[in-house]
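Biologist: Please take a close look at the surroundings of the second ligand. I would then welcome a connected account of the helix packing and of any unusual backbone geometry.

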Amino acid sequence: MPRDPRYDILFEPIKIGPVIAKNRFYQVPHCNGMGHVRPRAHAAMRGVKAQGGWGVVSTEEVEIHPTSDLSPYIEGRLWDEHDVPALALTTEAIHQYGALAAIELVHAGMNAPNLYSREASMAPSPIVNPASYAPAQARGMTLRDIRDYRRWHRAAALHARRAGFDIIYVYAGHSLSLAMHFLQSRHNHRTDQYGGSLKNRARLLRELIEDTKEAVGATCAVAVRFAVDELRGSDGISADSEGREIVEMLAELPDLWDVNVSDWANDSKTSRFAAEGYQEDFVRFVKKVTTKPVVGVGRFTSPDTMVSQIRRGVLDLIGAARPSIADPFLPNKIDSGDIDDIRECIGCNICVSGDYTMTPIRCTQNPTMGEEWRKGWHPEAIPERTGNDSFLIVGAGPAGLECARLLGRRGYAVHVAEARELLGGRVTREALLPGLGAWARVRDYRLNQLNKLPNVEIFRASHVTADQVLEFGATRVVLATGATWRHDGVGRTHTRPIPGFDSSNSVFTPDDLMDGLQPSGPVIVFDDDHYYLGAILAERLHAAGLAVTLVTPADRLSAWTVNTLEQHAIQKRVMDFGIEIVTSQNIVEYDGRRAVLHCTYTERISELPAASIVTVTSRHPNADLAASLDGMGDSVRNAGIISVDSIGDCYAPSTIAAAVYTGHRHAREFDWPQSDVAGFRRELPSTMAGDAPQEFKR
Ligand code: ADP
Ligand code: SF4
């Protein structure tokens with residue numbers, strides 16, 4: 001299909017200093033849990049983005065010096081020339097497809113724990129890093145330190161150019177870099193030429209831009225990533241005061257402004273807390289005060305929104321981290337007129353959890369993300385079928401749908417049977433909960449793709465029994481029957497049922513609520529799951545007018561959502577509703593009227609009245625069908641069935657991302673021979689050594 005002419009503007013080349021981006025699609029820096037530890041995986045992932053049509057593809061933050069050591073987090077590293085070859089893998093992969101390669105140089109200052117290098121952290125003034133719980137403080141930088149830092153940054157820029165980068169960043173964003181810490185009056189208490197007035201606090205940023213331009217500016221563009229607003233009022237940088245003044249002060253100095261809000265949790269808000277384009281109000285002033293190109297983000301997935309941003313003069317380049325993760329081929333799909341093939345980001349921030357858990361990035365929508373090198377998976381290119389198998393997939397949740405999509409694309413005959421009238425499994429049910437509407441994209445993308453495949457047939461309202469599986473006539477059976485929330489309270493804390501839970505009609509599970517049952521108040525939501533559901537159900541019950549108390553054995557609400565940058569926002573939201581939160585407490589008994597609580601530290605006992613309890617603890621895999629087929633032995637083989645496999649939550653209950661991943665994996669690997677080694681390539685430790693210590697000089 002030809003490109004819709006309305007979108008032509010997105011494909012105009014844009015001059016950025018001495019280089020030219022072939023279009024306006026700009027993959028801004030984003031973390032990925034691969035970085036310097038897994039350079040081949042990193043290069044392949046960025047290369048796929050370039051192949052997918054992004055005009056600029058950036059690295060994540062790249063440490064420039066041992067005093068900016070972010071270990072145990074895995075980011076990029078450019079401490080000296082030894083790091084150049086690994087980064088060159090990335091620029092080669094990006095250049096292969098005509099995209100520009102950008103590198104985000106960072107000195108993390110007080111945010112660098114330096115646990116590997118064992119250097120002291122540095123800051124404008126001797127202060128404690130608010131994000132660190134370590135018993136260590138940052139040291140205030142002397143003028144000599146500032147000179148050293150500028151020299152390190154300059155050297156890193158030169159090394160970056162040698163590695164092949166076209167755009168070199170000076171990073172003053174997310175409250176994660178020295179350049180930004182100097183700007184912030186709450187962190188910069190200096191009284192010399194680098195402190196006090198805004199002009200003084202901006203001196204270092206100005207010098208870094210000038211240094212970088214002087215070092216590499218003839219051939220590389222120099223970009224500034226700057227957080228124009230910290231969303232903390234007069235305590236921080238804000239777009240209507242210092243944020244604007246800083247851009248005005250330095251307006252024409254860099255070749256590109258990459259602007260957003262800070263901190264990372266504000267910049268990468270989930271769809272539960274912000275809609276597409278949510279940063280516009282903060283960044284729209286920037287283009288009015290500079291003639292240089294401006295890039296910004298806002299979880300852009302709609303080409304109409306992108307065009308509108310450009311036509312209305314908000315942005316010149318459409319920045320994207322998450323939309324490029326969910327669909328690395330987003331630009332090419334717009335270019336070829338295949339808009340409805342775009343795998344839209346759902347704004348769940350599972351991708352962020354890779355960085356937070358120091359493991360390779362993963363994505364709910366795009367199961368190939370992070371697997372480009374180690375498994376050789378590509379988001380669009382899929383191997384053709386290798387035989388004449390026909391498939392029966394039981395269950396049309398995220399696992400079943402993804403498996404069907406991929407097997408269908410491979411050319412197999414696929415039949416999907418779903419017990420419910422509505423397809424989508426847990427995604428369809430959960431997307432009806434407050435704030436989770438965008439999650440339905442997991443279903444919608446797949447159903448849309450399946451509708452285009454004549455070799456895939458879907459049967460709704462078709463509950464499948466073991467006998468029916470045998471009669472069906474498929475050679476391969478895939479069970480994707482999901483999981484059911486437990487009623488008995490067994491979960492992380494309780495390995496045995498909670499007395500009173502199973503026998504009570506007043507105990508409800510999340511499935512009960514999603515099926516439309518309504519508890520009576522006062523109600524306790526017992527959250528031993530620690531992800532999103534406990535808080536969301538509490539919100540829904542509160543909206544229904546019930547008095548709600550949230551009880552959790554954790555010391556904060558929805559504790560795991562730290563990894564999706566949501567914990568603070570979730571707890572604030574629940575508190576703003578007036579829902580009482582009881583932390584570090586465990587329910588040990590319930591009699592239909594009151595719950596007995598144990599303190600998780602002291603085992604002190606208390607009681608809470610509750611007409612009902614909603615228990616969010618763990619899930620039972622729906623494995624009955626698998627067990628029945630397993631017990632049928634030869635009858636299965638005699639029915640011509642070669643394999644029966646379980647995927648998704650019925651195999652092991654987990655995230656939606658994991659369900660999609662296992663569905664995808666099964667469709668690619670179902671006919672692989674059994675093996676006892678890891679099913680992916682690993683990056684083994686290099687035997688190359690860096691300089692000996694005596695060669696290390698400041
Ligand atoms: P997953 O996350 O693993 O994809 P879900 O719970 O989202 O799991 O989806 C499982 C789907 O399987 C549900 O829609 C459920 O209705 C369906 N299902 C479960 N058992 C059967 C069965 N025996 N026959 C047909 N569909 C089933
Ligand atoms: Fe978007 Fe979720 Fe994928 Fe991240 S993990 S890119 S937020 S769909």
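**The shell around ligand 2**

Modeller: Ligand 2 is surrounded by R322, I325, A326, C345, I346, G347, C348, N349, I350, C351, C363 and T364, a residue being counted as near if one of its heavy atoms lies within 4 Å of the molecule. The model is predicted, so local features need pLDDT of at least 70 and side-chain atom pairs count only at pLDDT 80 or more, while totals for chains, interfaces and linings use all residues. Residues are numbered from 1 along each chain as its sequence is written, chains are lettered from A and ligands numbered from 1 in the order in which they are written, and side-chain values use heavy atoms, leaving out hydrogens and water.

The largest cavity is the space taken by ligand 2; a cavity is a set of points, on a 1 Å grid over the protein atoms alone, where a 1.4 Å probe fits but cannot get out, and a molecule sits in one if more than half of its atoms lie within 2 Å of its grid points. Two elements, α12 (322-326) and α14 (350-356), give two or more residues to this shell. Helices are DSSP runs of H or I with at least four residues, and strands are runs of E with at least two, numbered from the N terminus. With three residues, α12 gives the most. By class, the shell has eight nonpolar, three polar and one charged residue. Ala, Val, Leu, Ile, Met, Phe, Trp, Tyr, Cys and Pro count as nonpolar, Asp, Glu, Lys and Arg as charged, and the others, Gly among them, as polar.

Helix packing comes next. Helix α6 (residues 203-216) packs with helix α3 (residues 143-162) at about 35°, their axes 9 Å apart. Axes are lines fitted to C-alpha atoms over the stretch in contact, with angles from 0 to 180 degrees between N-to-C directions. The residues in contact (heavy atoms within 4.5 Å) include I146, Y149 and R150 of α3 and L204, E207 and L208 of α6. Eight nonpolar, two polar and six charged residues form this contact.

With helix α7 (residues 242-250), α6 again packs at about 35°, the axes lying 11 Å apart. Here L205, R206 and I209 of α6 meet I246, M249 and L250 of α7, giving five nonpolar residues, no polar ones and one charged.

The backbone has some exceptions to note. Most residues other than glycine have a negative phi, and most peptide bonds are trans. H174, not a glycine, has a positive phi of about 60° and is found in the loop between β9 (167-172) and α4 (178-183). A cis peptide bond with omega about 0° joins S262 and D263, and D263 is in the loop between β11 (256-261) and α8 (264-267). G521 and P522 are also joined by a cis peptide bond, with omega about 0°.

Notes
1 Å grid on protein atoms, 1.4 Å probe; cavity = no way out; pocket = protein on both sides within 12 Å on 5 of 7 lines; lining within 4 Å.
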